[in-house]
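Here are a few worked exercises to try with the viewer open. Have a go at each task before you read its solution.

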Amino acid sequence: MSNFSPNYNGNQKPGNNLGQFILMAFITLNGISTGNVIRTGRDIATNGADSNTIIALMLYLGCTIYTAQRAIEIYKKIHKNDNDKSR
């Protein structure tokens, strides 16, 4: 009988399906917030800035930075042993 299971990798540890899903969610949120930063910045350039627009830009920018940081941390956690396997 075979020991192969799609839920296990070479180290016989469960797969990272949940981690991959969370990583994809953070990448998606980062893309949305980056797009809103660009849209809000363009709006400021064409129509001028008021306090509400500046606050919205700062909130979108904060979300972009946070989601990028979390996505990098999750990616490193998921792929921490990949360098050892490839050598």
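**Exercise 1. Is L61 buried, partly exposed or exposed, and which patch does it belong to?**

Keep in mind that we're working with a predicted model.

- Step 1: Locate the residue. L61 sits in helix α2, which covers residues 51-78.
- Step 2: Look at the relative accessibility of L61, which is 35%. Buried needs under 20% and exposed needs over 50%, so L61 counts as partly exposed.
- Step 3: Check for a patch. L61 joins I54, M58 and I65 in a nonpolar surface patch, and together they have about 360 Å² of accessible area.

**Exercise 2. Work out which residues make up the largest nonpolar core, and which element gives the most to it.**

- Step 1: List the members. The largest nonpolar core has five residues: L23, F26, A71, I74 and I78.
- Step 2: Sort them by element. Two or more residues come from each of α1 (17-47) and α2.
- Step 3: Pick the top contributor. That's α2, with three residues.

**Exercise 3. Find the aromatic pair and classify its geometry.**

- Step 1: For a pair of rings, you want the distance of the centres and the angle of the planes.
- Step 2: The structure has one such pair, made by F26 and Y66, with 6.5 Å centre to centre and 70 degrees between the planes. Angles over 60 count as edge-to-face, so this pair is edge-to-face.
- Step 3: Place the partners. F26 is in helix α1 and Y66 in helix α2, so the pair ties together parts 40 residues apart in sequence.
- Step 4: Compare the cover. F26 counts as buried at 15% relative accessibility, whereas Y66 is partly exposed at 45%.

**Exercise 4. Which residues does T53 contact, leaving aside neighbours within four places in sequence?**

- Step 1: T53 belongs to helix α2.
- Step 2: Its relative accessible area is 14%, so T53 is buried.
- Step 3: With those neighbours set aside, T53 is in contact with T40, D43 and I44.

**Exercise 5. Track down the salt bridge and say where its partners lie.**

- Step 1: Side chains of opposite charge can pair when their charged atoms come close.
- Step 2: There's one salt bridge in the structure. R70 forms it with E73, and the closest N and O atoms are 2.8 Å apart.
- Step 3: Both R70 and E73 lie in helix α2, three residues apart, or about one turn of the helix.
- Step 4: Finish with accessibility. R70 is partly exposed at 27%, and E73 is partly exposed at 37%.

Key. Residues are numbered from 1 along each chain as its sequence is written. This is a predicted model: local features need pLDDT of at least 70, side-chain atom pairs count only at pLDDT 80 or more; totals for chains, interfaces and linings use all residues. Side-chain values use heavy atoms; hydrogens and water are left out. Patches are made of residues with over 30% relative accessible area and no salt bridge: like charges are joined within 9 Å, nonpolar side chains (Val, Leu, Ile, Met, Phe, Trp, Tyr) within 5 Å. Accessible areas come from the Shrake-Rupley method with a 1.4 Å probe; for residues, only the protein chains shown count as cover. A salt bridge is a side-chain nitrogen of Lys or Arg within 4 Å of a carboxyl oxygen of Asp or Glu. Helices (H or I, at least four residues) and strands (E, at least two) are DSSP runs, numbered from the N terminus. Buried means under 20% relative accessible area, exposed over 50%, partly exposed in between (1.4 Å probe, protein chains only). A nonpolar core is a set of buried Ala, Val, Leu, Ile, Met, Phe, Trp, Tyr and Cys residues joined through side-chain atoms within 4.5 Å. Rings of Phe, Tyr and Trp (its six-membered ring) pair if their centres lie within 6.5 Å; planes under 30 degrees apart count as stacked, over 60 as edge-to-face and the rest as tilted. Contact means heavy atoms within 4.5 Å.
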